[in-house]
Amino acid sequence: MKKWTAVNLKLFAQLFWCHNPKARLCHYATPSVGVDAVNYTEPLPQRRNYRTNGQSSPIPSSRINHILKSNEYSLKVNRADGRNASLMLEFDSNLLASNWPPEDRRSVATCLQSKTNLFGVFDGHAGYACAQAVSERLFYYIAVSLLPLKTLEDIEAAVENERPLIPLLQWHKHPSDHASTEELIDLREDGDRDVPAALGNAFRRLDSDISLEAQADFGELGSHYMSLRVALSGCTACVAHIDGTELHVANLGDSRAVIGVQEEDGSWSALTITNDHNAQNPEEVQRVQSQHPASEEKTVVKYDRLLGLLMPFRAFGDIRFKWSSELLKRVCEGHPDMLPGIDFVKLLPPNYHTPPYLTAEPEVTHHSLRPQDKFIILATDGLWELMHRQTVVQMVGEYLTGVHWQKPLSGHSFTVGQMLSLLVERKARALSTLEDKNVATHILRQALGGDGFSNVDPRRLATMLSLPPELARMYRDDITVVSNSEISFNQEFFTKSNLD
(Lines give C-alpha, C1' and ligand atoms only; values in the text may rest on other atoms or scores of the structure.)
Protein backbone atom coordinates (compact mmCIF):
# COMPACT_ATOMS: atom_id res chain seq x y z
CA MET A 1 0.00 0.00 0.00
CA LYS A 2 1.30 3.45 -0.87
CA LYS A 3 2.14 5.93 1.85
CA TRP A 4 -0.80 8.27 2.25
CA THR A 5 -0.29 11.84 1.20
CA ALA A 6 -0.57 14.72 3.61
CA VAL A 7 -4.11 16.04 3.96
CA ASN A 8 -4.92 19.62 4.92
CA LEU A 9 -6.47 19.41 8.37
CA LYS A 10 -9.17 21.95 7.58
CA LEU A 11 -10.43 19.83 4.66
CA PHE A 12 -9.79 16.66 6.64
CA ALA A 13 -11.95 18.03 9.45
CA GLN A 14 -14.85 18.67 7.09
CA LEU A 15 -14.68 15.07 5.90
CA PHE A 16 -13.93 13.19 9.12
CA TRP A 17 -15.27 15.15 12.03
CA CYS A 18 -18.56 14.41 13.72
CA HIS A 19 -18.47 17.50 15.93
CA ASN A 20 -20.83 18.07 18.86
CA PRO A 21 -22.60 21.53 18.98
CA LYS A 22 -15.09 23.32 21.77
CA ALA A 23 7.88 31.94 33.88
CA ARG A 24 7.26 30.13 36.89
CA LEU A 25 10.21 28.15 35.48
CA CYS A 26 8.12 25.13 34.84
CA HIS A 27 9.09 23.16 31.76
CA TYR A 28 11.31 25.48 29.79
CA ALA A 29 14.15 27.64 31.06
CA THR A 30 14.11 29.83 27.94
CA PRO A 31 11.56 32.30 26.52
CA SER A 32 8.82 30.91 24.31
CA VAL A 33 8.46 31.43 20.59
CA GLY A 34 5.97 34.21 19.87
CA VAL A 35 2.34 33.16 20.33
CA ASP A 36 -1.08 34.54 19.52
CA ALA A 37 -3.95 34.74 21.98
CA VAL A 38 -6.70 32.15 22.01
CA ASN A 39 -10.18 32.42 23.42
CA TYR A 40 -9.88 31.78 27.14
CA THR A 41 -11.23 33.81 30.00
CA GLU A 42 -8.88 36.71 30.59
CA PRO A 43 -7.15 37.07 33.95
CA LEU A 44 -8.40 39.61 36.43
CA PRO A 45 -7.12 43.20 36.23
CA GLN A 46 -3.50 43.29 37.25
CA ARG A 47 -3.91 46.09 39.77
CA ARG A 48 -6.22 45.48 42.69
CA ASN A 49 -6.34 46.88 46.19
CA TYR A 50 -6.71 44.12 48.76
CA ARG A 51 -8.38 44.64 52.06
CA THR A 52 -6.28 44.01 55.11
CA ASN A 53 -9.14 44.00 57.61
CA GLY A 54 -12.54 42.40 57.69
CA GLN A 55 -13.74 39.10 56.32
CA SER A 56 -14.84 40.05 52.82
CA SER A 57 -13.09 38.50 49.80
CA PRO A 58 -10.90 40.59 47.45
CA ILE A 59 -13.32 39.74 44.64
CA PRO A 60 -16.98 38.66 44.81
CA SER A 61 -17.93 34.99 44.75
CA SER A 62 -19.79 35.49 41.47
CA ARG A 63 -16.54 36.54 39.80
CA ILE A 64 -14.71 33.59 41.36
CA ASN A 65 -17.30 31.19 39.98
CA HIS A 66 -17.13 32.82 36.55
CA ILE A 67 -13.37 32.30 36.40
CA LEU A 68 -13.52 28.72 37.65
CA LYS A 69 -16.41 27.69 35.43
CA SER A 70 -15.69 29.52 32.19
CA ASN A 71 -13.81 26.54 30.68
CA GLU A 72 -15.69 23.68 32.31
CA TYR A 73 -17.31 21.02 30.15
CA SER A 74 -19.47 18.01 31.03
CA LEU A 75 -21.04 15.22 29.03
CA LYS A 76 -23.29 12.35 29.95
CA VAL A 77 -22.64 9.30 27.78
CA ASN A 78 -25.67 7.49 26.41
CA ARG A 79 -25.54 3.97 27.85
CA ALA A 80 -27.10 2.56 24.70
CA ASP A 81 -24.57 4.24 22.40
CA GLY A 82 -22.19 1.49 21.33
CA ARG A 83 -21.16 -1.80 22.84
CA ASN A 84 -18.91 -0.21 25.49
CA ALA A 85 -20.63 3.07 26.31
CA SER A 86 -22.52 1.56 29.25
CA LEU A 87 -19.25 1.62 31.18
CA MET A 88 -18.89 5.40 31.04
CA LEU A 89 -21.67 7.43 32.58
CA GLU A 90 -20.27 10.95 32.62
CA PHE A 91 -17.07 12.92 32.24
CA ASP A 92 -16.09 16.41 33.35
CA SER A 93 -13.17 18.59 32.32
CA ASN A 94 -11.84 22.05 33.04
CA LEU A 95 -8.81 24.24 32.36
CA LEU A 96 -7.53 27.07 34.54
CA ALA A 97 -4.82 29.23 33.02
CA SER A 98 -1.74 30.62 34.72
CA ASN A 99 0.28 31.43 31.61
CA TRP A 100 -1.21 33.89 29.15
CA PRO A 101 -2.14 32.64 26.69
CA PRO A 102 -2.56 29.29 28.44
CA GLU A 103 -0.29 26.47 27.30
CA ASP A 104 -2.40 23.50 28.49
CA ARG A 105 -4.88 21.73 26.24
CA ARG A 106 -7.38 18.85 26.62
CA SER A 107 -9.19 16.49 24.27
CA VAL A 108 -11.99 13.94 24.65
CA ALA A 109 -13.40 11.94 21.75
CA THR A 110 -15.19 8.74 20.84
CA CYS A 111 -13.65 6.50 18.17
CA LEU A 112 -16.70 5.90 16.02
CA GLN A 113 -15.43 2.76 14.30
CA SER A 114 -14.46 0.93 17.50
CA LYS A 115 -16.86 2.62 19.96
CA THR A 116 -13.98 3.26 22.32
CA ASN A 117 -13.16 6.45 24.23
CA LEU A 118 -10.07 8.65 24.25
CA PHE A 119 -9.21 11.20 26.95
CA GLY A 120 -6.11 13.39 26.91
CA VAL A 121 -4.38 16.30 28.64
CA PHE A 122 -1.49 18.15 27.02
CA ASP A 123 0.93 20.44 28.84
CA GLY A 124 2.71 22.85 26.52
CA HIS A 125 5.94 24.74 27.06
CA ALA A 126 7.73 27.49 25.11
CA GLY A 127 4.28 28.51 23.84
CA TYR A 128 1.00 26.79 23.17
CA ALA A 129 1.50 25.91 19.48
CA CYS A 130 2.67 22.31 19.94
CA ALA A 131 0.04 21.49 22.58
CA GLN A 132 -2.66 22.91 20.31
CA ALA A 133 -1.52 20.87 17.32
CA VAL A 134 -1.12 17.64 19.29
CA SER A 135 -4.51 18.03 20.97
CA GLU A 136 -6.13 18.33 17.52
CA ARG A 137 -4.16 15.67 15.66
CA LEU A 138 -3.04 12.88 17.99
CA PHE A 139 -6.45 11.23 18.33
CA TYR A 140 -6.70 10.89 14.54
CA TYR A 141 -3.37 9.10 14.46
CA ILE A 142 -4.54 6.78 17.23
CA ALA A 143 -7.89 6.12 15.54
CA VAL A 144 -6.18 5.30 12.23
CA SER A 145 -3.62 3.07 13.96
CA LEU A 146 -6.46 1.03 15.46
CA LEU A 147 -8.34 0.50 12.19
CA PRO A 148 -8.23 -2.89 10.47
CA LEU A 149 -6.32 -3.08 7.19
CA LYS A 150 -9.48 -3.44 5.08
CA THR A 151 -10.91 -0.19 6.46
CA LEU A 152 -7.63 1.58 5.80
CA GLU A 153 -7.70 0.39 2.19
CA ASP A 154 -11.26 1.67 1.80
CA ILE A 155 -10.31 5.07 3.20
CA GLU A 156 -7.25 5.28 0.96
CA ALA A 157 -9.35 4.49 -2.08
CA ALA A 158 -11.88 7.16 -1.05
CA VAL A 159 -9.09 9.74 -0.68
CA GLU A 160 -7.63 8.92 -4.10
CA ASN A 161 -11.05 9.06 -5.77
CA GLU A 162 -12.22 12.12 -3.81
CA ARG A 163 -15.19 10.28 -2.35
CA PRO A 164 -16.73 11.07 1.07
CA LEU A 165 -14.85 9.47 3.95
CA ILE A 166 -16.21 7.64 6.94
CA PRO A 167 -16.04 9.68 10.16
CA LEU A 168 -13.38 8.52 12.62
CA LEU A 169 -13.97 10.64 15.70
CA GLN A 170 -16.76 12.32 17.57
CA TRP A 171 -15.24 15.19 19.53
CA HIS A 172 -16.53 16.31 22.91
CA LYS A 173 -15.12 19.83 23.19
CA HIS A 174 -15.61 23.09 25.00
CA PRO A 175 -15.97 25.89 22.41
CA SER A 176 -12.58 27.35 23.37
CA ASP A 177 -10.71 24.06 22.93
CA HIS A 178 -10.51 24.10 19.13
CA ALA A 179 -8.86 26.75 17.01
CA SER A 180 -9.04 26.82 13.22
CA THR A 181 -5.56 26.00 11.95
CA GLU A 182 -3.89 24.87 8.76
CA GLU A 183 -1.91 22.03 10.34
CA LEU A 184 -1.03 19.07 8.12
CA ILE A 185 -1.77 15.53 9.12
CA ASP A 186 0.02 12.55 7.60
CA LEU A 187 -2.04 9.36 7.57
CA ARG A 188 -0.24 6.09 7.01
CA GLU A 189 -0.93 2.42 6.78
CA ASP A 190 -0.51 -0.45 9.23
CA GLY A 191 -3.72 -0.49 11.26
CA ASP A 192 -3.10 -2.39 14.46
CA ARG A 193 -5.60 -3.63 17.03
CA ASP A 194 -2.73 -4.20 19.44
CA VAL A 195 -3.57 -1.14 21.53
CA PRO A 196 -0.14 -0.57 23.16
CA ALA A 197 1.58 -0.84 19.77
CA ALA A 198 -1.02 1.41 18.13
CA LEU A 199 -0.62 4.08 20.81
CA GLY A 200 3.16 3.99 20.51
CA ASN A 201 3.02 4.18 16.72
CA ALA A 202 0.60 7.11 16.80
CA PHE A 203 2.81 9.12 19.18
CA ARG A 204 5.98 8.47 17.19
CA ARG A 205 4.38 9.16 13.79
CA LEU A 206 2.86 12.45 14.87
CA ASP A 207 6.15 13.64 16.35
CA SER A 208 7.97 12.60 13.18
CA ASP A 209 5.47 14.51 11.05
CA ILE A 210 5.85 17.61 13.24
CA SER A 211 9.59 17.42 12.61
CA LEU A 212 9.26 16.85 8.85
CA GLU A 213 6.73 19.65 8.42
CA ALA A 214 9.16 22.09 10.07
CA GLN A 215 11.78 21.14 7.48
CA ALA A 216 9.48 21.23 4.44
CA ASP A 217 8.83 24.27 2.27
CA PHE A 218 5.14 24.42 1.41
CA GLY A 219 5.49 27.58 -0.66
CA GLU A 220 3.36 29.53 1.81
CA LEU A 221 5.09 31.70 4.39
CA GLY A 222 2.27 31.37 6.91
CA SER A 223 2.16 27.57 6.73
CA HIS A 224 5.89 27.18 7.30
CA TYR A 225 5.86 29.71 10.13
CA MET A 226 3.14 27.75 11.91
CA SER A 227 5.00 24.47 11.39
CA LEU A 228 8.17 25.98 12.89
CA ARG A 229 6.24 27.33 15.86
CA VAL A 230 4.77 23.90 16.54
CA ALA A 231 8.14 22.16 16.26
CA LEU A 232 10.14 24.68 18.31
CA SER A 233 7.65 24.60 21.17
CA GLY A 234 6.80 21.33 22.90
CA CYS A 235 4.25 19.51 24.99
CA THR A 236 3.81 16.50 27.21
CA ALA A 237 0.80 14.22 26.80
CA CYS A 238 -1.21 11.79 28.90
CA VAL A 239 -3.86 9.87 26.92
CA ALA A 240 -6.28 7.22 28.18
CA HIS A 241 -7.92 4.72 25.81
CA ILE A 242 -10.89 2.84 27.28
CA ASP A 243 -12.33 -0.20 25.51
CA GLY A 244 -14.85 -1.97 27.70
CA THR A 245 -13.08 -2.75 30.95
CA GLU A 246 -9.64 -2.44 29.38
CA LEU A 247 -7.78 0.78 30.12
CA HIS A 248 -4.53 1.74 28.36
CA VAL A 249 -2.70 4.95 29.22
CA ALA A 250 0.05 6.37 27.02
CA ASN A 251 2.12 8.90 28.93
CA LEU A 252 4.82 11.28 27.77
CA GLY A 253 6.23 13.64 30.40
CA ASP A 254 4.92 14.55 33.85
CA SER A 255 1.13 14.65 33.61
CA ARG A 256 -0.57 11.81 35.49
CA ALA A 257 -3.49 9.40 35.34
CA VAL A 258 -4.92 8.27 38.67
CA ILE A 259 -7.77 5.85 39.43
CA GLY A 260 -10.04 6.43 42.41
CA VAL A 261 -10.52 3.08 44.17
CA GLN A 262 -13.20 2.56 46.82
CA GLU A 263 -12.17 -0.12 49.30
CA GLU A 264 -14.55 -2.56 51.00
CA ASP A 265 -14.72 -0.38 54.13
CA GLY A 266 -15.75 2.64 52.04
CA SER A 267 -12.39 4.38 52.24
CA TRP A 268 -10.65 5.73 49.16
CA SER A 269 -7.22 5.00 47.74
CA ALA A 270 -5.34 6.35 44.74
CA LEU A 271 -3.95 4.01 42.10
CA THR A 272 -1.42 5.85 39.93
CA ILE A 273 -1.00 4.21 36.54
CA THR A 274 1.63 6.52 35.06
CA ASN A 275 5.23 7.35 35.84
CA ASP A 276 6.72 10.83 35.66
CA HIS A 277 9.39 11.26 33.03
CA ASN A 278 11.67 13.74 34.75
CA ALA A 279 14.65 13.93 37.10
CA GLN A 280 12.57 12.72 40.06
CA ASN A 281 12.31 9.29 38.40
CA PRO A 282 15.69 7.49 38.82
CA GLU A 283 14.84 4.95 36.12
CA GLU A 284 14.16 7.75 33.66
CA VAL A 285 17.44 9.46 34.50
CA GLN A 286 19.26 6.17 33.95
CA ARG A 287 17.47 5.66 30.61
CA VAL A 288 18.56 9.07 29.35
CA GLN A 289 22.15 8.71 30.54
CA SER A 290 22.48 5.24 29.04
CA GLN A 291 21.74 6.61 25.56
CA HIS A 292 24.78 8.90 25.57
CA PRO A 293 28.53 8.47 26.14
CA ALA A 294 29.91 8.31 29.66
CA SER A 295 31.67 11.59 29.01
CA GLU A 296 28.24 13.31 29.04
CA GLU A 297 27.03 11.76 32.28
CA LYS A 298 27.27 15.05 34.19
CA THR A 299 25.78 17.23 31.47
CA VAL A 300 22.88 15.22 30.02
CA VAL A 301 20.88 15.81 33.21
CA LYS A 302 21.93 19.01 34.96
CA TYR A 303 20.04 20.99 37.59
CA ASP A 304 17.31 18.29 37.31
CA ARG A 305 16.72 19.28 33.68
CA LEU A 306 17.60 17.78 30.33
CA LEU A 307 20.82 19.53 29.28
CA GLY A 308 20.11 21.94 32.11
CA LEU A 309 17.06 23.37 30.29
CA LEU A 310 14.05 21.08 29.92
CA MET A 311 12.18 19.48 32.83
CA PRO A 312 10.30 16.64 31.05
CA PHE A 313 12.52 13.95 29.53
CA ARG A 314 9.89 12.96 26.94
CA ALA A 315 7.82 15.36 24.83
CA PHE A 316 6.38 16.18 21.42
CA GLY A 317 8.12 18.88 19.39
CA ASP A 318 11.18 20.50 21.00
CA ILE A 319 13.25 19.92 17.88
CA ARG A 320 16.18 21.78 19.42
CA PHE A 321 16.68 18.70 21.63
CA LYS A 322 16.24 16.23 18.74
CA TRP A 323 17.73 17.55 15.49
CA SER A 324 21.39 17.49 14.61
CA SER A 325 23.21 20.78 15.09
CA GLU A 326 23.71 20.96 11.31
CA LEU A 327 19.96 20.68 10.63
CA LEU A 328 19.14 23.23 13.32
CA LYS A 329 21.63 25.68 11.83
CA ARG A 330 20.34 25.19 8.28
CA VAL A 331 16.69 25.73 9.21
CA CYS A 332 17.43 28.63 11.54
CA GLU A 333 19.70 30.51 9.12
CA GLY A 334 17.44 29.69 6.17
CA HIS A 335 14.42 31.41 7.71
CA PRO A 336 15.62 34.42 9.71
CA ASP A 337 12.38 36.27 8.89
CA MET A 338 10.35 33.60 10.69
CA LEU A 339 12.51 33.53 13.82
CA PRO A 340 13.08 37.18 14.72
CA GLY A 341 15.51 37.58 17.57
CA ILE A 342 16.33 33.85 17.63
CA ASP A 343 19.61 32.76 16.08
CA PHE A 344 21.36 29.41 15.91
CA VAL A 345 23.52 30.12 18.95
CA LYS A 346 20.44 30.77 21.09
CA LEU A 347 18.66 27.68 19.81
CA LEU A 348 21.48 25.20 20.39
CA PRO A 349 21.47 23.84 23.96
CA PRO A 350 24.77 23.69 25.87
CA ASN A 351 26.80 20.46 25.72
CA TYR A 352 24.89 19.39 22.61
CA HIS A 353 27.07 16.55 21.30
CA THR A 354 25.04 13.38 20.58
CA PRO A 355 21.41 14.19 19.70
CA PRO A 356 18.66 13.25 19.96
CA TYR A 357 18.36 13.84 23.70
CA LEU A 358 14.56 13.91 23.80
CA THR A 359 12.05 11.26 22.69
CA ALA A 360 8.31 11.10 21.97
CA GLU A 361 8.16 7.40 22.82
CA PRO A 362 5.29 7.02 25.31
CA GLU A 363 5.22 4.68 28.26
CA VAL A 364 2.05 2.60 27.81
CA THR A 365 0.44 0.93 30.82
CA HIS A 366 -2.56 -1.40 30.97
CA HIS A 367 -5.15 -1.88 33.69
CA SER A 368 -8.28 -4.04 33.69
CA LEU A 369 -11.00 -2.02 35.36
CA ARG A 370 -12.72 -3.53 38.39
CA PRO A 371 -16.00 -2.73 40.17
CA GLN A 372 -14.07 -0.88 42.90
CA ASP A 373 -12.47 1.42 40.32
CA LYS A 374 -14.91 4.32 40.49
CA PHE A 375 -13.36 7.13 38.45
CA ILE A 376 -10.25 8.20 36.55
CA ILE A 377 -8.51 11.56 36.78
CA LEU A 378 -6.10 12.81 34.12
CA ALA A 379 -4.37 16.07 34.99
CA THR A 380 -1.34 18.11 34.03
CA ASP A 381 1.42 18.62 36.57
CA GLY A 382 -0.09 21.94 37.67
CA LEU A 383 -2.58 19.98 39.79
CA TRP A 384 -0.14 17.46 41.24
CA GLU A 385 2.21 20.24 42.33
CA LEU A 386 -0.59 21.60 44.53
CA MET A 387 -2.32 18.43 45.74
CA HIS A 388 -1.21 14.88 46.54
CA ARG A 389 -2.94 12.20 44.48
CA GLN A 390 -4.42 10.58 47.62
CA THR A 391 -5.90 13.91 48.68
CA VAL A 392 -7.41 14.41 45.22
CA VAL A 393 -8.95 10.93 45.11
CA GLN A 394 -10.37 11.11 48.62
CA MET A 395 -11.79 14.57 48.01
CA VAL A 396 -13.41 13.53 44.72
CA GLY A 397 -14.71 10.24 46.14
CA GLU A 398 -16.30 11.95 49.12
CA TYR A 399 -17.68 14.69 46.91
CA LEU A 400 -19.33 12.18 44.55
CA THR A 401 -20.82 10.09 47.34
CA GLY A 402 -21.70 12.94 49.72
CA VAL A 403 -19.84 11.26 52.58
CA HIS A 404 -18.08 14.47 53.62
CA TRP A 405 -21.38 15.90 54.91
CA GLN A 406 -21.99 12.83 57.09
CA LYS A 407 -18.57 12.48 58.70
CA PRO A 408 -18.73 12.32 62.51
CA LEU A 409 -16.39 14.63 64.41
CA SER A 410 -14.23 12.33 66.51
CA GLY A 411 -11.16 13.05 68.58
CA HIS A 412 -12.16 16.67 69.24
CA SER A 413 -13.75 18.53 72.15
CA PHE A 414 -16.12 21.35 71.29
CA THR A 415 -18.04 23.93 73.27
CA VAL A 416 -21.62 24.60 72.27
CA GLY A 417 -20.52 27.82 70.61
CA GLN A 418 -17.78 26.06 68.65
CA MET A 419 -20.19 23.35 67.56
CA LEU A 420 -22.68 25.99 66.36
CA SER A 421 -19.94 27.74 64.41
CA LEU A 422 -18.89 24.43 62.86
CA LEU A 423 -22.44 23.62 61.80
CA VAL A 424 -22.83 27.06 60.21
CA GLU A 425 -19.54 26.54 58.39
CA ARG A 426 -20.61 23.11 57.13
CA LYS A 427 -23.84 24.58 55.83
CA ALA A 428 -21.94 27.30 53.99
CA ARG A 429 -19.53 24.73 52.56
CA ALA A 430 -22.43 22.58 51.39
CA LEU A 431 -24.06 25.51 49.62
CA SER A 432 -20.73 26.43 48.03
CA THR A 433 -20.02 22.88 46.90
CA LEU A 434 -23.45 22.56 45.35
CA GLU A 435 -22.31 25.27 42.92
CA ASP A 436 -19.82 22.79 41.44
CA LYS A 437 -21.71 20.24 39.40
CA ASN A 438 -18.52 19.65 37.46
CA VAL A 439 -16.01 17.45 39.32
CA ALA A 440 -13.04 19.05 37.57
CA THR A 441 -14.20 22.48 38.74
CA HIS A 442 -14.51 21.18 42.29
CA ILE A 443 -10.93 19.90 42.08
CA LEU A 444 -9.69 23.30 40.89
CA ARG A 445 -11.54 25.10 43.70
CA GLN A 446 -9.98 22.82 46.31
CA ALA A 447 -6.50 22.99 44.74
CA LEU A 448 -6.37 26.79 44.90
CA GLY A 449 -8.42 27.51 48.03
CA GLY A 450 -8.52 24.29 50.02
CA ASP A 451 -6.98 23.83 53.46
CA GLY A 452 -6.52 20.06 53.17
CA PHE A 453 -9.66 19.28 55.18
CA SER A 454 -12.32 19.76 52.49
CA ASN A 455 -12.67 23.44 53.47
CA VAL A 456 -12.24 26.29 51.00
CA ASP A 457 -10.91 29.63 52.24
CA PRO A 458 -12.68 32.25 50.08
CA ARG A 459 -9.96 34.83 50.64
CA ARG A 460 -7.19 32.44 49.70
CA LEU A 461 -9.09 31.32 46.61
CA ALA A 462 -9.82 34.90 45.58
CA THR A 463 -6.21 35.93 46.08
CA MET A 464 -4.89 33.05 43.96
CA LEU A 465 -7.33 33.91 41.16
CA SER A 466 -6.49 37.61 41.35
CA LEU A 467 -2.78 37.23 40.65
CA PRO A 468 -1.65 38.72 37.31
CA PRO A 469 0.01 36.23 34.93
CA GLU A 470 3.58 37.30 35.73
CA LEU A 471 2.96 36.56 39.42
CA ALA A 472 0.63 33.57 38.97
CA ARG A 473 3.41 31.70 37.16
CA MET A 474 5.50 31.91 40.33
CA TYR A 475 2.84 30.14 42.38
CA ARG A 476 1.29 27.64 40.00
CA ASP A 477 1.20 26.32 36.46
CA ASP A 478 -1.75 25.99 34.09
CA ILE A 479 -4.03 23.27 35.45
CA THR A 480 -6.06 20.95 33.22
CA VAL A 481 -8.24 18.16 34.60
CA VAL A 482 -10.26 15.51 32.77
CA SER A 483 -12.26 13.13 34.94
CA ASN A 484 -14.88 10.55 34.17
CA SER A 485 -17.13 10.88 37.16
CA GLU A 486 -20.51 10.17 38.79
CA ILE A 487 -19.20 6.86 40.22
CA SER A 488 -18.60 6.31 36.59
CA PHE A 489 -18.09 2.60 36.05
CA ASN A 490 -21.63 1.29 35.82
CA GLN A 491 -21.97 -1.79 38.02
CA GLU A 492 -24.55 -3.27 35.64
CA PHE A 493 -21.77 -3.49 33.05
CA PHE A 494 -19.60 -5.63 35.31
CA THR A 495 -22.52 -7.85 36.23
CA LYS A 496 -23.33 -8.42 32.57
CA SER A 497 -19.65 -9.03 31.75
CA ASN A 498 -19.41 -11.68 34.46
CA LEU A 499 -22.53 -13.42 33.18
CA ASP A 500 -21.12 -13.43 29.65
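Select Met474 first: at 58% relative accessibility, this residue counts as exposed, where exposed means over 50% relative accessible area, buried under 20% and partly exposed in between, with a 1.4 Å probe and protein chains only. The model is predicted: local features need pLDDT of at least 70 and side-chain atom pairs count only at pLDDT 80 or more, while totals for chains, interfaces and linings use all residues. Residues are numbered from 1 along each chain as its sequence is written, and side-chain values use heavy atoms, with hydrogens and water left out.

Met474 lies in helix α16 (residues 469-475). Helices (H or I, at least four residues) and strands (E, at least two) are DSSP runs, numbered from the N terminus. Add Leu471 and Tyr475 to the selection: with Met474 they form a nonpolar patch on the surface, with about 340 Å² of accessible area together. Such areas come from the Shrake-Rupley method with a 1.4 Å probe, and for residues only the protein chains shown count as cover. A patch is made of residues with over 30% relative accessible area and no salt bridge; like charges are joined within 9 Å, and nonpolar side chains (Val, Leu, Ile, Met, Phe, Trp, Tyr) within 5 Å. A salt bridge is a side-chain nitrogen of Lys or Arg within 4 Å of a carboxyl oxygen of Asp or Glu.

Next, select strand β5 (residues 104-111). Eight of its eight residues are buried, so β5 is largely enclosed by the rest of the structure. Asp104, Arg106, Val108 and Thr110 point one way from β5, and Arg105, Ser107, Ala109 and Cys111 the other way. In a regular strand the side chains alternate between the two faces of the sheet.

Now show the neighbours of β5. Strand β6 (residues 116-125) pairs with β5 in the antiparallel sense over eight bridges; two strands pair if DSSP finds at least two bridges between them. The two strands form a hairpin with four residues between them, and Lys115 in the turn has a positive phi of about 55°. Strand β7 (residues 169-171) also runs antiparallel to β5, joined by three bridges. Centre the view on Ala109: its bridge partner in β6 is Leu118, and in β7 it is Trp171.

Finally, select Cys130 and Cys235. Both are buried, Cys130 at 0% relative accessibility and Cys235 also at 0%. Why is Cys130 not bonded to Cys235? The sulfur of Cys130 is 4.1 Å from that of Cys235, its closest cysteine sulfur, too far for a bond. A disulfide is a pair of cysteine sulfur atoms within 2.5 Å, and the structure holds zero disulfides.
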